[in-house]
Amino acid sequence: MTVLIDGKAFAKRLRDFISLQVADIKSSLGVVPGLATILVGEDPASEVYVRNKSKQTIETGMASFKHTLGSATSEAEVLKLIAQLNADDRVHGILVQLPLPRHINAEKVINAIEPAKDVDGFHVSNVGMLGTGQKAMLPCTPLGCIMMLRDHFGSLSGKNALVVGRSNIVGKPMAQLLLADDCTVTMAHRYTEDLEGHCRRADILVMAVGRPEMIPGDWIKPGATVIDVGINRVERDGTTKLVGDVDFKSASLVAGAITPVPGGVGPMTIACLLFNTLTAFCRAKSIPEPEEIGFSLAEGVGI
Ligand code: NAD
């Protein structure tokens, strides 16, 4: 029987854990972790993402500081705001919603964030620390994926993992996390030859491409675990539907476990942003962080 990896339920457990920790911190220290978001411009999808991030931050008892700037805001003004937030003791995490307008250099902006407050894990020093096995702030989407995989398998040691997609925000850090968990990792991308053959050998398949249902079920190794990061809008029977990079219907007949789209990786991404904000707070205050407290997604553990 194929296991459905329910990201929505996992994310709720993670948020409940965070809420309890935040309540504990508030009663013992009299302060709460704070997340600052910066949105530049009027991109409707970005507005929705930032609104959801801020809403969930408040729901877990943390402080949310929302900065909404017009599309004509200069790079210098964004950098000035980041410098202020870096120095602000109430702010433990800073998130710059991407993409930024074209006249602003995203790399420069991200690298201006204090690495300890870089809750998206995109700062070059966090990327370098992840790559060299040091304690880093981990990018939210791959962190959510590895949490679900650890929960499912316990140990990932020795598994053949295939990551399709090599972006800086998903594919590359995902491969690093799998490697750190002792998987044998293959990375595929748009120039990969024989993607089908690579898929057939993978015990763990992580799809992060953005092409609707590009992987059919008969490419998947029987019993494999499929983590579908892709979010694609398609028109079906006159309505807009969200589908992943994997053909869910045929894949779920072959896979041992699979994440749905929607309701798989997506909800875990925001929950991991809150997890990172709590982690940043704990590191700033030198108190045990969620990892050390023993947070696990397994029912009841660490809560
Ligand atoms: P991206 O466009 O930056 O990268 C896509 C990658 O796919 C590239 O590395 C490219 O080489 C590879 N690729 C393209 N065509 C390919 C092909 N035919 N075969 C193999 N590889 C191919 O995308 P991204 O930002 O990494 O996002 C990937 C997908 O994940 C998108 O659908 C995005 O919406 C989704 N996403 C979801 C979440 C979430 O929270 N669930 C978060 C981030 C991204």
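UniProt positions are given in the numbering used here, and such annotations may be inferred rather than shown by experiment.

**View 1. The annotated NAD(P)-binding region in a predicted model.** The model shown is predicted. An unreviewed UniProt entry carries the annotation "domain: Tetrahydrofolate dehydrogenase/cyclohydrolase NAD(P)-binding" for residues 139-283. Helix makes up 39% of this stretch and strand 21%. Its end C-alpha atoms are 17 Å apart.

**View 2. The annotated catalytic region, residues 5-120.** The unreviewed UniProt entry gives this stretch the feature "domain: Tetrahydrofolate dehydrogenase/cyclohydrolase catalytic". Here the chain is 49% helix and 16% strand. The C-alpha atoms at the two ends are separated by 24 Å.

**View 3. Two assigned domains.** The domain assignment gives domain 1 as residues 29-114 and domain 2 as residues 140-265. Their C-alpha centres lie 29 Å apart.

**View 4. The largest nonpolar core.** This core has 90 residues. V163, L205 and V206 have the most contacts inside it. Helix α10 gives the most to the core, with twelve residues. Both domain 1 (29-114) and domain 2 (140-265) supply residues, so the core lies between them.

**View 5. Close-up on V163, one of the core residues with the most contacts.** Residues up to four places away in sequence are left out here. V163 then touches G171, M174, A175 and L178. Its list of partners also includes V185, M187, V206 and A208. Among these partners, V206 is itself named with V163 for the most contacts inside the core.

**View 6. The shell around the ligand.** The shell has 24 residues. G165, S167, H189, G210 and T269 come nearest to the ligand. By class, the shell divides into ten nonpolar, eleven polar and three charged residues. Helix α10, residues 265-284, gives the most to this shell, with three residues. Helix α10 also gives the most to the largest nonpolar core.

**View 7. H123 in the loop between α4 and α5.** Helix α4 spans residues 106-110, and helix α5 spans residues 124-131. H123 has 22 other C-beta atoms within 10 Å; the cut-off for a buried residue is 20 or more, so H123 is buried. Beyond its neighbours within four places in sequence, H123 is in contact with I110, N111, I113, P115 and D118. E107 is 16 residues from H123 along the chain. The C-alpha atoms of H123 and E107 are separated by 8.2 Å.

Terms used
Residues numbered from 1 in each chain as written. Predicted model: local features only at pLDDT ≥ 70, side-chain atom pairs only at ≥ 80, totals over all residues. Helix = DSSP H or I, 4+ residues; strand = E, 2+ residues; numbered from the N terminus. Buried ≥ 20, exposed ≤ 12 C-beta atoms within 10 Å, placed from the backbone. Contact = placed C-beta atoms within 7 Å. Near = placed C-beta within 6 Å. Nonpolar A, V, L, I, M, F, W, Y, C, P; charged D, E, K, R; others polar. Core = buried A, V, L, I, M, F, W, Y, C linked by C-beta atoms within 7 Å. Domains from an automatic or database assignment.
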